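Trainee: Could you walk me through this fold at the bench-top level? I'd like to ask things as I scroll.

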Amino acid sequence: MRLPPLLLLVYCCVAHGSLLFAGRDSGPHAVTDSVEIPGGSPLQLCDTASGPLGLTIESLELDPTPAKRAANLTITARGVLHVAVTQGSYVDVEVRLGLIRILTQRFDLCDVSRDNNIEGLQCPVSKGPHTLVHTVQVPAEVPAGRYSVFARAYSAAGTQLTCLTGDIVFQQRGPAVIDH
Ligand SMILES: *[C@@H]1O[C@H](CO)[C@@H](O)[C@H](O)[C@H]1NC(C)=O
């Protein structure tokens with residue numbers, strides 16, 4: 001199974017039926033601090049109070065926003081890596097649908113990048129500025145709801161690269177449009 005970038009894991013876990021039902025959880029995730037990321041996406045940067053992170057995200061855009069089912073979603077991100085991303089770097093992802101945790105999983109960053117042919121970001125990824133432009137197809141079967149995404153990424157040496165959190169909402173389907 002090919003894995004989309006971290007914030008799109010929500011689609012794959014629902015669409016491919018690998019739903020990890022982890023039970024109800026007691027409350028919101030312990031995010032120490034969060035700040036907006038320029039670009040108007042529904043994601044924020046978290047853990048900003050705990051010191052400098054290994055990746056500075058300068059902008060993050062999702063087109064369209066809000067995301068739509070059965071449509072392409074293009075992610076455009078610009079950032080600066082302060083450490084190299086090498087084999088062994090990973091991201092811990094948690095996704096909730098409402099209060100229910102539907103995914104808690106660690107993904108290998110180099111594998112995700114390779115399996116999705118993410119241009120210009122193949123491991124090892126050097127320090128310095130990088131731009132990501134990647135399009136994925138959002139399946140039509142994603143259930144409506146508010147998906148809360150929480151992701152912390154680390155380098156192979158254990159330096160925290162980033163922390164992302166936010167809610168992606170899929171509205172109930174509108175009236176069917178029949179196109180002739
Ligand atoms: C998504 O993009 C692919 C590749 O460009 C294209 O073939 C496909 O028709 C697009 N799908 C939609 C729903 O626009």
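What follows is a chat about the sheets, the core and a few backbone oddities of this predicted model.

Trainee: Let's start simple. What pattern of helices and strands does the protein chain follow along the sequence?

Mentor: Keep in mind that this is a predicted model. The protein chain has two helices and nine strands. Read in sequence order, they give α-β-β-β-β-β-β-α-β-β-β.

Trainee: In what order do the strands sit in the six-strand sheet?

Mentor: This sheet is open and its pairing is antiparallel. On average, neighbouring strands in it are turned by 20° against each other, direction ignored. Going across, the order is β1-β2-β9-β8-β5-β6.

Trainee: Why is one side of β1 and of β6 left without a neighbour in that sheet?

Mentor: Strands in a sheet pair through backbone hydrogen bonds, either parallel or antiparallel. Here β1 (34-36) and β6 each have one partner strand, so one side of each has no neighbour in the sheet. That puts both of them at the edges.

Trainee: I'd like to trace the pairing residue by residue. Which residue of β8 is the bridge partner of Val-93?

Mentor: Start with the strands: β5 and β8 run antiparallel and are joined by eight bridges. On β8, look for the partner of Val-93, and you land on Ala-151.

Trainee: And which residue in β9 stands opposite Ser-148?

Mentor: Now you're at the pairing of β8 with β9, which is antiparallel and spans 10 bridges. Opposite Ser-148 you'll find Asp-167.

Trainee: What about β5 and β6: which residue of β6 is the bridge partner of Tyr-90?

Mentor: Those two strands pair in the antiparallel sense over eight bridges. They form a hairpin with two residues between the strands, where Gly-98 takes a positive phi near 65°. Back on the strands, the partner of Tyr-90 is Asp-108.

Trainee: Moving to the three-strand sheet, which strands are at its edges?

Mentor: This sheet is also described as open, with antiparallel pairing and the order β3-β4-β7. From one strand to the next, the twist averages 15°. The strands that pair on one side only are β3 (55-63) and β7 (128-138).

Trainee: Within that sheet, which residue of β7 is the bridge partner of Thr-74?

Mentor: Strand β4 covers residues 71-81 and runs antiparallel to β7, with 11 bridges joining the two. Follow Thr-74 across to β7 and the partner is Thr-135.

Trainee: On to the inside. Which strand gives the largest share of the largest nonpolar core?

Mentor: In soluble globular proteins, nonpolar side chains tend to be buried together. The largest such core here has 33 residues, and Val-149, Ala-151 and Ala-153 are among those with the most contacts inside it. Several elements supply at least two residues each, including β2 (43-46), α2 and β9 (160-170). The largest share, six residues, comes from β8.

Trainee: Ala-67 caught my eye. Which residues does Ala-67 touch, leaving out those up to four places away in sequence?

Mentor: Ala-67 is also one of the residues with the most contacts inside that core. Leaving out those sequence neighbours, the residues it touches are Leu-62, Leu-73, Val-138, Ile-168 and Phe-170.

Trainee: Any odd peptide bonds? Which residue is joined to Pro-124 by a cis peptide bond?

Mentor: There's a cis bond between Asp-63 and Pro-64, with omega of about 0°, and Pro-64 is in the loop between β3 and β4. Pro-124 is in the loop between α2 (109-115) and β7. Its cis bond has an omega of about -5°, and the residue on the other side is Cys-123.

Trainee: Is Ala-70 buried or exposed?

Mentor: Ala-70 is in the loop between β3 and β4, and its phi is positive, about 55°, although it isn't a glycine. It has 11 other C-beta atoms within 10 Å, and 12 or fewer counts as exposed. Therefore Ala-70 is exposed.

Trainee: Last one: is Asn-117 buried or exposed?

Mentor: Asn-117 is in the loop between α2 and β7, and it has a positive phi near 50° without being a glycine. It has 10 C-beta neighbours inside 10 Å, so Asn-117 counts as exposed.

Note on methods. Residues are numbered from 1 along each chain as its sequence is written. This is a predicted model: local features need pLDDT of at least 70, side-chain atom pairs count only at pLDDT 80 or more; totals for chains, interfaces and linings use all residues. Two strands pair if DSSP finds at least two bridges between them. Helices (H or I, at least four residues) and strands (E, at least two) are DSSP runs, numbered from the N terminus. Axes are lines fitted to C-alpha atoms, for helices over the stretch in contact, and angles run from 0 to 180 degrees between N-to-C directions. A residue is buried if 20 or more other C-beta atoms lie within 10 Å of its own, exposed if 12 or fewer, and partly exposed in between; C-beta atoms are placed from the backbone. A nonpolar core is a set of buried Ala, Val, Leu, Ile, Met, Phe, Trp, Tyr and Cys residues joined through C-beta atoms within 7 Å. Two residues are in contact if their C-beta atoms, placed from the backbone, lie within 7 Å.
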